[in-house]
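Reader: I would like a close look at a single part of this model, taken slowly and in connected prose. Please begin with the sheet and go on from there to what surrounds it.

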Amino acid sequence: MFNNHHYLIPLLFFLSLIIPRSTSLPPCIGLTYSAPGPTPSPPQPDTLPAQLSTLKINSLRLEDPDPTVIRTFLYTNVTLFLTVPNYLVPTMASNRSSTLRWLYTHVVPFYPRARITTISVGNAFLDSYPQSASSLLPAITNLHLSLRDLGIRKITVSTSFSFVTAISAPFPPSSAQFQEPPGINLIGPLLQFLRDTNSSFLINVYPYNLYRLKSEIPLGIALFQEHPFNFRDDLVTGVRYRNLFDMMIDAVVSAMAVAGYESIPIIVTETGWPSASTAANEVEANPVYAEIYLKGLVKHLRSGIGTPLLKDGVKEVYVYEMFDKKEGSSTSTSATSARSWGVLYANGSTKYSIDFSSSISNYLLEGSWINVALRVLLSSFLVMVLWI
């Protein structure tokens, strides 16, 4: 039989080069929810599952968990990320019974019928209560132990940080380190706890806020715009960055590596771009830029390419936030009362045309898994030919 090995091997090698290599699965994309505040027709909690389905989102982060809202998601496919309010953290640190009371109100009546996956003890707690920094880790430990006492082992416990206050010298990313609270050794013991309990490091990442703090940052990099020469190089690592989101994530990766805990997964607990601001100098806070940012973020996350220093990418990303709030009613330490961050208006009506899904079905359609399948088929074909 004619042996055509010599013709097929170069051909298959060429095909393997032109078919892109597989990437990681894209991270889960979710939304942050808190009550939208007084409006003429505020959305009712029982409408939330349908609104999330319309947005193609299966994960919800609750800033100040309301048992009524949690109950709405019983027997659904939506995963829930709960947040312990900052004011409760010192009490939880000193009193295990208060921790159990919170769990008996927000977790025990619903879990596992409600798919609660993560609890953050506070949100950017150190920004709001710097004088109580020493209570943060004891509160986290108490909540973790209380869950174990209740026989609940699949809910992870952590706390979230604000990027601008947690990371020092973020540019270039390779120079980043954690900023410790004055007089408190917190970061090392916390990272050890996260590694021991298979939990994630939680960080609020707002390119908009950093862009406003650093005048040298081009707007295009903050908005995922792919323009010629729209990049910044880290001369230490030789890495080229084309968007600010990746630079901020890699600054966190570098800080964890310096601390000796580079393998801990990262969850972005808040990110977004304001669609409005009452401040006259915040002209970049507008719906056009907000939609550009969100579409660029979703496209980037859905690609599965991760960041230059974190090839598998972040584990989850939560967009801040689901609804606009009336000015002055914001509960987030990362947003100001003068800005509107909602993906939806306060009454629940649509603001943008964005498909937030990051499901495997989208991943298949975008070709990453198809590329893997083609490569497998080509390899199998090569093996069969070589045996002829």
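Author: **The barrel and its surroundings**

In this predicted model, eight strands form a closed barrel with parallel pairing, in the order β1-β2-β3-β4-β5-β8-β11-β13. Neighbouring strands of this sheet are turned against each other by 25 degrees on average, with direction ignored. One of the pairings joins strand β11, which covers residues 266-271, to strand β13, which covers residues 316-319, in the parallel sense and over 3 bridges; within it, V268 has V317 of β13 as its bridge partner.

Helices lie against this sheet as well. Helix α5 (residues 96-106) lies across β3 (79-84) and β4 (115-123), and runs at about 150 degrees to β3. Helix α7 (residues 136-149) packs on the sheet too, where it touches β3, β4 and β5 (156-162), and its direction makes about 155 degrees with that of β5.

Turning to enclosed space, the structure holds 2 cavities of 30 Å³ or more, and the largest cavity contains about 90 Å³ of space. Its lining is made up of P27, F245, D246, H300, L301, G304, I305, G306, T307, D312, G313 and V314. Helices α12 (244-259) and α13 (287-303) each supply at least two residues of that lining. Sorted by class, the lining of the largest cavity has 5 nonpolar, 5 polar and 2 charged residues.

How values were computed. Residues are numbered from 1 along each chain as its sequence is written. This is a predicted model: local features need pLDDT of at least 70, side-chain atom pairs count only at pLDDT 80 or more; totals for chains, interfaces and linings use all residues. Side-chain values use heavy atoms; hydrogens and water are left out. Two strands pair if DSSP finds at least two bridges between them. Helices (H or I, at least four residues) and strands (E, at least two) are DSSP runs, numbered from the N terminus. Axes are lines fitted to C-alpha atoms, for helices over the stretch in contact, and angles run from 0 to 180 degrees between N-to-C directions. Contact means heavy atoms within 4.5 Å. On a 1 Å grid over the protein atoms alone, a cavity is a set of points where a 1.4 Å probe fits but cannot get out, and a pocket is an open set with protein on both sides within 12 Å along at least five of seven lines; lining residues have an atom within 4 Å of a point. Grid points are joined across faces, edges and corners, and a volume is the space filled by probe spheres set on the points. Ala, Val, Leu, Ile, Met, Phe, Trp, Tyr, Cys and Pro count as nonpolar, Asp, Glu, Lys and Arg as charged, and the others, Gly among them, as polar.
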